[in-house]
Structures are given as C-alpha cells and as structure tokens.
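Thanks, everyone. I will take one structure this morning and go through a sheet and then a helix. Please have the sequence and the coordinates open while I talk.

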Amino acid sequence: MSQRPGFPIKLSNTGAGTGAGKGTATARKVPAGATAPAVQKPAGTQPKAASAQVSGLGLDSGAVRARMVRKLAEQGVKDPRVLDAMGRVERHCFVETALANQAYEDTSLPIGLGQTISKPNVVARMIELLCQDVPGKLGRILEIGTGCGYQAAVLSHVATEVYSIERLRGLHEKARTHLRPFKLHNVHLIFGDGMLGYPKGAPYAGIISAAGGENVPQSWLDQLAVGGRLIAPTVTPAGHQALVVILKTAQGFDRQVLEAVHFVPLKSGVA
Ligand code: SAH
C-alpha cells in the first residue's frame, strides 16, 4: 500500500475548487519525473494567511505530485510527455475538498452524480496509448466524458486542442469551474451526448473515452483521422470491460484489446 501523503494540511482554507492557488499550474514548469521545487516566496513577503495558503499549498502539492509521478514511472509509464503532464496538473483542485488528501494516491474518486475520476495510473496509461508512435505534440483530441475536467487538463499539455464532451450538465459546469483558473485556452468543453462524437472538431488525431460502452460508436470511427488512434473501455465478447485501442489506417481499422478495466457506463442522451 502506498503511504498516504501528509499533504494537504492547510487545504481546507484554500478554497480548492474555487480557484485559490491554482493559477500557478500553467506557469510552473515541472520536467518529467521531476522533483523541482515550486517557487516559494521568501518568508515575510506575503500576509501570513495568504503565505500559508499559496506558497504552502504550492510547495506541498508539488512535492506530493512529484512522488505520484515517480510512482507512475515505477508502474511502467514511460512517455516523458505524459509524466510531465501528470506532474503539472493539480489533481486536488478537481475533487471535493474533503477528498483532496487522497488526490495523489492511485485511486479513483467520486466526483458527484454517481461518476468517478479515474486513477492517475489509468489516466496516464490511456494518454500514453494515445501518444504511442506520435512524435511531438498530438493534434486535436476528442475526450468523451469530461467529468470533473482533470483528464482534459492533462490532455491539454500533450495535445494542440482538446474537445471534451459531457452528457451531465452538472458535471459539465463543474468542470468549467475547475478549469477556469488554469486558463487552458486549448480546452473546449461541450455539453452533449458524446456517443455522437463532436463532428465540428473532426477529424481527430485521437479519441479517448472515460466511459465504457457495449461497442465503439460508429461516429467515433468516422470522426477519427486516418493515422488517428481511439482508446476506449469497451465490453468484450467475454462480457467484461477491457481497454480497446483502434488505429485508423487508409485500409481500415486495426483493433487491439488490452487489459481489463472498470469504467462508468457510456450512456446516450443528456441529463
Ligand atoms: N475524464 C473524467 C472522468 C469522468 S467519468 C475526469 O477526469 O473526471 C466518465 C464521464 O463520462 C462521466 O462524467 C459521465 O457522465 C460521462 N459520460 C457517460 N456517457 C457519456 C456520453 N454519451 N457523452 C458524454 N459523456 C458521457
């Protein structure tokens, strides 16, 4: 079992989920697997309370996140782009304050309306599959199931544009609130039924689903660019959910079934 991080001691004061302490995320450069310390203001340059909230939080969460990244690397995540992105995004800002102390453990967490944020390991694994054989930045990506917005934020660091669609209005709005302070201008949130994909952004270099269906919808296959890759939990003929990777080629589709996973169901319509 992993050791539970001491962080965040002061988090209940920080307004996690309201934006406090989040604006540094895009500015801070954390190399892959790095233990680079967050910028810390010299003592006495800020009012006491603000200093405890801002630099204290930034420092603690940076160190805990670096530990999470090291663990991801030990678990087999190799792509430096993915490790770098995982190190940048403040996962604790995407969950309820009461759960923030578990944000960097390898566990899925409830995000409201019966949905869950995937384990960091699963997020990293899926994004690594998406990046496979693509040099440099990915192009336009479609994410099905915005949820709390965490994975969209991670994707924003490895792709030029991220279109993320959510069918539950409450979560779509929550994700908007969570993402606003980070000013990730390449993330576009859409409220709608992701089973239809999002034709306006097509063709996509990659499609990644955070919800598992019986089949991969035809719309996703249609909206994938040739050379693009689709990663989705899908029910296999054996009746369990597994990660499916589909590569679109000029000749057709190459499909690979990987490990068993447990994702929330892909549902049609909006609510
Ligand atoms: N990537 C998310 C994980 C959210 S869980 C995160 O980082 O938090 C999966 C999400 O998929 C849920 O919010 C669920 O409402 C959504 N979902 C399920 N079916 C959907 C559909 N047809 N279109 C869009 N979103 C869908």
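Strand 4, residues 159–166, pairs with strand 5 in the parallel sense, and 5 bridges join the two. One position to look at is Ser164, which stands opposite Leu189 in strand 5. This is a predicted model, so keep that in mind for everything I say. Helix 5, residues 169–179, lies across strand 4 and strand 5 and runs at about 160° to strand 5.

Now the whole sheet. It is open, has 7 strands in the order 5-4-3-6-8-9-10, and its pairing is mixed. Which strands stand at the edges? They are strand 5, at 187–191, and strand 10, at 253–260. Each has a single partner strand, so one side of each is left without a neighbour in the sheet. On average, and with direction ignored, neighbouring strands of this sheet are turned by 15° against each other.

Next, helix 3, which covers residues 120–131. How far does it reach from its first C-alpha to its last? The 12 residues of helix 3 span 16 Å, close to the 16 Å expected at 1.5 Å a residue.

Is helix 3 mostly covered or mostly uncovered? It is mostly covered, with 9 of its 12 residues buried. Buried here means under 20% relative accessible area. Among the buried residues are Pro120, Val123, Met126, Ile127 and Leu130, and Glu128 is also one of them.

After helix 3 comes Asp133, whose phi is positive, near 65°. That is my last item.

Methods:
Residues are numbered from 1 along each chain as its sequence is written. This is a predicted model: local features need pLDDT of at least 70, side-chain atom pairs count only at pLDDT 80 or more; totals for chains, interfaces and linings use all residues. Side-chain values use heavy atoms; hydrogens and water are left out. Two strands pair if DSSP finds at least two bridges between them. Helices (H or I, at least four residues) and strands (E, at least two) are DSSP runs, numbered from the N terminus. Axes are lines fitted to C-alpha atoms, for helices over the stretch in contact, and angles run from 0 to 180 degrees between N-to-C directions. Contact means heavy atoms within 4.5 Å. The expected span of a helix is 1.5 Å times one less than its number of residues. Buried means under 20% relative accessible area, exposed over 50%, partly exposed in between (1.4 Å probe, protein chains only).
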